[in-house]
Amino acid sequence: MDWIKDIGKIKKSGGSAQFEESEIINFIFQNIGTTNKYLVDLGAGAYDGSMSNVRDLMRSGWSGFGVDCNPMADKWAIKLFITPSNVVPLFFNMGVPLSFDFLNLDIDSCDFWVLKNILEAGYRPRLVCSEFNGTLDPNKPLVLSYEEDYMWDGTNKYGYSFEAGKRLLERHGYSIIFNQHNTNIFAIYTGEASNYGVKAEKTMYHPENKKAVWEEYQ
């Protein structure tokens, strides 16, 4: 697993993602291999769909689908407002394999509860890229309380802290291998969590919403 230390050296080189996510994803799969080349992208319409962590994979022959509450031109994208209660039925109806290669999650709201329900239903994506909330104390397991129909308001009212994500993923056999810009967690399924020393720092890239209600994930 010596390759993990090289992830932080990767630079953007023309991929379809906002930053260097496409290159990181490709690098990780070069080292862990692929199985079914199946992916699910929850929150596929970032920047009106102009930036995507998975578009390069779909163009290279991967299968699967994306979901967003806004319509997208991509034929592999479904218009749907994702919630913790509808995500598992969606996976079942779409025939998502219990083990598949890649889950990308970035819905700017109840991300933690959606990920929790996916994992508790027995789905095991081999690689997870999930946005976390870097404006929160990374050492406290904080999660935004679920609020039905909530959509991101441009503040730091969304998602979960690094520690909350770490606890959830490790409890389901994942090892966090990279923290990208105090924004994205990259974790691989190993069956038993390994500690690669990945940490995060509090970074206030969104204004604080003092009305947000946070829970501690134990």
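Buried, in this talk, means under 20% relative accessible area, exposed means over 50%, and partly exposed is in between, with a 1.4 Å probe and protein chains only. Helices (H or I, at least four residues) and strands (E, at least two) are DSSP runs, numbered from the N terminus. This is a predicted model, where local features need pLDDT of at least 70, side-chain atom pairs count only at pLDDT 80 or more, and totals for chains, interfaces and linings use all residues. Residues are numbered from 1 along each chain as its sequence is written, and side-chain values use heavy atoms, with hydrogens and water left out.

I start with helix H4. In H4, 8 of the 10 residues are buried, so the helix is largely enclosed by the rest of the structure. The buried ones are Asp 111, Phe 112, Trp 113, Val 114, Leu 115, Lys 116, Ile 118 and Leu 119. Just after H4, Gly 122 has a positive phi of about 100°.

H4 leads to the largest nonpolar core. A nonpolar core is a set of buried Ala, Val, Leu, Ile, Met, Phe, Trp, Tyr and Cys residues joined through side-chain atoms within 4.5 Å. The largest one holds 37 residues, and those touching the most other members are Val 40, Leu 42, Phe 91, Leu 103 and Val 114. Two or more residues each come from strands E1 (38–42), E2 (63–68), E4 (99–105), E7 (174–180) and E8 (184–189), and from helices H3 (87–93), H4 (111–120) and H5 (162–171). H4 gives the largest share, 6 residues.

Which residues does Val 114 touch, not counting residues up to four places away in sequence? Taking contact as heavy atoms within 4.5 Å, Val 114 touches Leu 42, Ile 82, Thr 83, Pro 84, Val 87, Leu 105 and Ile 107. Apart from the largest core lies another, of 25 residues, including Ile 7, Leu 127, Phe 186 and Ile 188.

Next, the loop ahead of H4. Ser 109 sits between E4 and H4 and counts as buried because its relative accessible area is 7%. With residues up to four places away in sequence left out, Ser 109 touches Leu 144, Tyr 150, Tyr 158 and Gly 159.

Helix H5 is next. Its buried residues are Phe 162, Glu 163, Ala 164, Gly 165, Leu 168 and Leu 169. The cover over them includes H4, strand E6 (142–144), E7 and E8. Just after H5, Gly 173 takes a positive phi, about 85°.

Now the aromatic rings. Rings of Phe, Tyr and Trp (its six-membered ring) pair if their centres lie within 6.5 Å; planes under 30 degrees apart count as stacked, over 60 as edge-to-face and the rest as tilted. The whole structure has 13 aromatic pairs. Phe 29 and Phe 102 make an edge-to-face pair, at 6.2 Å centre to centre and 85° between the planes. This pair links distant parts of the chain, with Phe 29 in helix H1 (residues 21–32) and Phe 102 in strand E4, 73 residues apart. Are these two rings' residues buried or exposed? Phe 29 is buried, at 7% relative accessible area, and Phe 102 is buried at 0%.

Phe 91 and Phe 100 also pair edge-to-face, at 6.2 Å centre to centre and 70° between the planes. Both Phe 91 and Phe 100 are buried. They belong to one aromatic cluster with Tyr 38 and Tyr 123.

On to backbone angles. Most residues other than glycine have a negative phi. Lys 37, not a glycine, has a positive phi of about 50°. Lys 37 lies in the loop between H1 and E1 and counts as partly exposed, because its relative accessibility is 39%. Asn 182, also other than glycine, has a positive phi near 50°. Asn 182 is in the loop between E7 and E8, and at 16% relative accessibility it counts as buried.

Last, cavities. On a 1 Å grid over the protein atoms alone, a cavity is a set of points where a 1.4 Å probe fits but cannot get out, and lining residues have an atom within 4 Å of a point. Grid points are joined across faces, edges and corners, and a volume is the space filled by probe spheres set on the points. The count is 3 cavities of 30 Å³ or more. The largest has a volume of about 50 Å³. Its lining consists of Lys 166, Glu 170, Ile 176, Ser 194, Asn 195, Tyr 196, Gly 197 and Val 198.

Terms used: On a 1 Å grid over the protein atoms alone, a cavity is a set of points where a 1.4 Å probe fits but cannot get out, and a pocket is an open set with protein on both sides within 12 Å along at least five of seven lines; lining residues have an atom within 4 Å of a point.
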